Amino acid sequence: MNVIDNKGEMMADVDHPMGMFITFEGTEGAGKTTQINRVKTFLEAEGFEVVTTREPGGTALGEKIRGLLLQDDMTQMTELLLMFAARAEHLDKVIIPAISAGKWVLCDRFTESSYAYQGYARGISLEKIAVLENLIQGSLRPDCTFWFDIPIIEGMKRVQNRGEKDRFEVENLAFFEAVSEGFRSLSKERFLQFYKIDALLSVDEVSDSIYQRLRELIAQYGR
Ligand code: T5A
């Protein structure tokens, strides 16, 4: 796989195979974080080096930005730009170095969340988000996005006893329905990248479904 980074430089070629970039998306309480920890164990047992990370966050500065995003009042455009500011830092310092070194990066949310939350739910135009995506990422896109599809109410039930809610968790049902619709639309547009998970299944059943897809990716792209 050849990838041009956000400075227009070739990151790797066939003589220097890269790792894989896997992302996990879905609405609140869908079970992404639970599965990332299991997938790490699965891939390490297959002999891969694995980096787990999350967005917003993943770097020291990114985690500070996450604190602002989850707590502070701000305009919708500020929210979008902060998501991408944290992402630029994350790509340069964590994601690109890891995949260039042949590691698998497992990332809890990525740009597809920006489309779903800031685009479909907040109402910022998808074209503006695409401009930022191209600016910050160049041609880099996740090799596979596991989309955890769950009825909003069921996800909310799973996280309702978690204490104080952040700035996204206090949004209403219509907001999260729009987020969910966003992921559904993206899964159709990016059908080669998206892999739908029925997040209502048990933890073990969800893992099995993910491992099945990962085995296919390993067979396809090799080691
Ligand atoms: N955001 C993020 C944007 O708006 N734009 C962006 O560009 C980005 C990157 C981040 C917020 O930022 C927004 C979206 C988010 O609102 P977050 O803390 O990362 O916030 O929020 P979530 O990713 O939604 O984290 P959650 O913890 O709510 O959801 P998870 O990770 O999907 O769920 P998990 O694994 O923590 O599980 C929740 C509970 O369910 C149980 C678990 O044990 C746990 O108790 N569970 C299951 N129960 C039954 N069956 C299963 N299969 C289960 N799997 C897990």
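In strand β3, W104, L106 and D108 point one way, V105 and C107 point the other way, and all are buried. This is a predicted model, and the report below starts from β3 and its neighbours before turning to the helices and an annotated site.

**The strands**

β3 covers residues 104-108, and five of its five residues are buried. Strand β2 (residues 50-54) pairs with β3 in the parallel sense over five bridges. Within that pairing, T52 has L106 as its bridge partner in β3. β1 also pairs with β3 in the parallel sense, here over four bridges. F21 stands opposite V105 in β3, and T23 stands opposite C107 in β3. Both V105 and C107 point the other way from W104, L106 and D108.

β1 is mostly covered too, with six of its six residues buried. F21, T23 and E25 lie on one side of β1, I22, F24 and G26 lie on the other, and all are buried. β1 runs parallel to β4 as well, and five bridges join the two. F24 of β1 has F146 as its bridge partner in β4.

The pairings are listed below.

| Strands | Sense | Bridges |
|---|---|---|
| β1 and β3 | parallel | four bridges |
| β2 and β3 | parallel | five bridges |
| β1 and β4 | parallel | five bridges |

**The annotated site after β1**

UniProt, in an unreviewed entry, places the feature "binding site" at G26, T27, E28, G29, A30, G31, K32 and T33. From this set, E28, G29, A30, G31, K32 and T33 belong to the lining of the largest pocket. G26 is one of the buried residues of β1, while A30 lies in the loop between β1 and α1 (32-45), and G31 lies in the loop between β1 and α1 as well. K32 is among the buried residues of α1.

Are A30 and G31 buried or exposed? A30 has a relative accessible area of 3% and is buried. G31 has a relative accessible area of 19%; because the cut-off for buried is under 20%, G31 also counts as buried.

Contacts beyond four places in sequence tie this loop to other parts of the chain. A30 is in contact with F148, I150, R158 and A199. G31 is in contact with F148 and R158. F148 falls in β4 (144-149) and R158 in α6 (152-159).

**Helix α1**

The 14 residues of α1 should span 20 Å at 1.5 Å a residue, and the end C-alpha atoms of α1 are 20 Å apart, which agrees. K32, Q35, I36, V39, F42 and L43 are buried in α1. Why do these buried residues line one face of the helix? Seen down the axis of α1, they fall within an arc of 125 degrees, so they line one face. An α-helix has 3.6 residues a turn, so residues three or four places apart point the same way. The face of α1 turned away from its buried side carries the exposed residues T41 and A45.

The buried residues of α1 pack against β1, β2, β3, β4 and α8 (203-221). Q35 lies in α1 and counts as buried at 2% relative accessibility. Leaving aside neighbours within four places in sequence, Q35 is in contact with F148, V203, V206, S207 and I210. F148 is also a contact of A30 and of G31. After α1 comes G47, whose phi is positive, near 100 degrees.

**Helix α7**

Helix α7 (residues 173-189) has 17 residues and reaches 24 Å from its first C-alpha to its last, close to the 24 Å expected at 1.5 Å a residue. F175, F176, V179, S180, G182, F183, L186 and S187 are buried in α7. These buried residues fall within an arc of 150 degrees when seen down the axis of α7, so they line one face of the helix. On the other side of α7, A174, K188 and E189 are exposed.

Which elements do the buried residues of α7 pack against? They pack against β1 (21-26), α4 (111-121), β4 (144-149), α6 (152-159) and β5 (194-198). β1 and β4 also appear among the elements that the buried residues of α1 pack against.

Conventions:
Residues numbered from 1 in each chain as written. Predicted model: local features only at pLDDT ≥ 70, side-chain atom pairs only at ≥ 80, totals over all residues. Heavy atoms only, no water. Expected span 1.5 Å × (residues − 1). Buried < 20%, exposed > 50% of the residue type's maximum accessible area, 1.4 Å probe, protein only. Arc of directions from axis to C-beta. Contact = heavy atoms within 4.5 Å. UniProt positions renumbered as here; feature names shortened; annotations may be inferred. 1 Å grid on protein atoms, 1.4 Å probe; cavity = no way out; pocket = protein on both sides within 12 Å on 5 of 7 lines; lining within 4 Å. Pairing = 2+ DSSP bridges.
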